[in-house]
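Reader: I've got a chain to look over and would like to talk it through. Can we start with a single residue and work outwards?

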Amino acid sequence: MQHVMKRNVTILMATAISALMLSGCGGEDPAAPAAGIEPKVYTDSLFAVMKADRTNYTKLIIGRLGPTGADSIKPHEYWEDLENGAPLPAQMFRYGAESVSEMTDEFTYSLQSLWPINAQNEPKTDLEKEGLQHIVDNPGENFYGEEKLGDVTYYTAVYPDVAVAAPCVACHNNHKDSPKTDFELGDVMGGVVIRVPM
C-alpha cells in the first residue's frame, strides 16, 4: 500500500510541476514578472489527477474485491486492525493529502461532505460550506472562490465527489454513523476542496 500511496503522490506532484512549466512560469528575464499559472487551471489540473487515482482505486481495487472483501485482502474502515485489511478510497485519499502536506505548502486538499461519516470531513469554513452546497445543487459544476484565513488569502476550489461504484453507495448507506442513507450511483456524496495561497 505504501508503494501505491507514494506513486499517487508522485503522479500528483509531477502533474502540478508539468502544469507550472507549461504555463511559462518565471520567464527568461529575471527582472520580468513571473507569468505563473492561473489558480483555476492549477486546481483543475490537481483535481484531474486526484479524481483519476481515486476512481481507479475504487473501481479496480475495491470494486473487484466486492462488498464482503476477498480471502486475501479486505477493504475496511479499520483496515489496520485486520491482518489482511486494505484502506477504503476515502482513507487512501486522506493519506495522500497528508503526504503532500509534508512535502509542500503550495496547496492543500481534503475530502469533505455535508453528510460526513467522520466528523473530521465536515466543512470548517463558510466558503467550504457554500462550495459543497453549490456542487450538490448544481450537478456537474465546480465551485471557485477566495477566502482569507488568518493573514493569508486563499483561492479555494470545490469539486464534486461522485459515487462512481456500488461499494461507495453501499458503504455510506449502510454505515452506522452515516447521516444520509439513500445515496445512489452518480450522486454527489461530498467534495474535494483544494486550497492555494494567493
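Reader: Which strand holds E147?

Author: Keep in mind that this is a predicted model. In it, E147 falls within residues 143-149. That stretch is strand β4.

Reader: Is E147 buried or exposed?

Author: The cut-off for buried is under 20% relative accessible area. E147 comes in at 9% relative accessibility, so it counts as buried.

Reader: Which side chain makes a polar contact with the side chain of E147?

Author: Leaving out residues up to four places away in sequence, E147 touches T125, L127, V152, T153, Y154, T156 and R195. One of these has its side chain joined to that of E147 by a polar contact of 2.7 Å. That partner is T156.

Reader: How many bridges pair β4 with β5?

Author: These two strands form a hairpin, with two residues between them. In the turn, G150 has a positive phi of about 65°. Across the pairing, Y144 stands opposite A157 in β5. The sense is antiparallel, and the number of bridges is seven.

Reader: Which element gives the largest share of the largest nonpolar core?

Author: That core has 17 residues, and M50, F107, Y109, V192 and I194 have the most contacts inside it. Elements giving it two or more residues are α2 (39-65), α3 (89-103), β3 (108-112), β5 (152-162) and β6 (188-197). The largest share is four residues, and it comes from α2.

Reader: How many residues are in the other core?

Author: It lies apart from the 17-residue one. Among its members are I135, F143, V158 and V188. Its count is seven.

Reader: What arc do the buried residues of α5 cover around the axis?

Author: Helix α5 spans residues 166-174, and C168, V169 and N173 are buried there. An α-helix has 3.6 residues a turn, so residues three or four places apart point the same way. The buried ones here sit on the same side of α5, because they cover an arc of only 110°.

Reader: Zooming out, what pattern does the chain follow along the sequence?

Author: There are five helices and six strands to place. Of the 198 residues, 40% count as buried. Among contacts between residues at least 6 apart in sequence, 58% join residues at least 24 apart. Read along the sequence, the pattern is α-α-β-β-α-β-α-β-β-α-β.

Reader: And what share of the exposed area do carbon and sulfur atoms supply?

Author: The chain exposes about 11,300 Å². Of that, the carbon and sulfur share is 53%.

Conventions. Residues are numbered from 1 along each chain as its sequence is written. This is a predicted model: local features need pLDDT of at least 70, side-chain atom pairs count only at pLDDT 80 or more; totals for chains, interfaces and linings use all residues. Side-chain values use heavy atoms; hydrogens and water are left out. Buried means under 20% relative accessible area, exposed over 50%, partly exposed in between (1.4 Å probe, protein chains only). Contact means heavy atoms within 4.5 Å. Accessible areas come from the Shrake-Rupley method with a 1.4 Å probe; for residues, only the protein chains shown count as cover. A polar contact is a pair of N or O atoms within 3.5 Å; within protein, one must be able to donate a hydrogen and the other to accept it, and residues adjacent in sequence count only if both atoms are side-chain atoms. The arc is that of the directions from the helix axis to the C-beta atoms. A nonpolar core is a set of buried Ala, Val, Leu, Ile, Met, Phe, Trp, Tyr and Cys residues joined through side-chain atoms within 4.5 Å. Two strands pair if DSSP finds at least two bridges between them.
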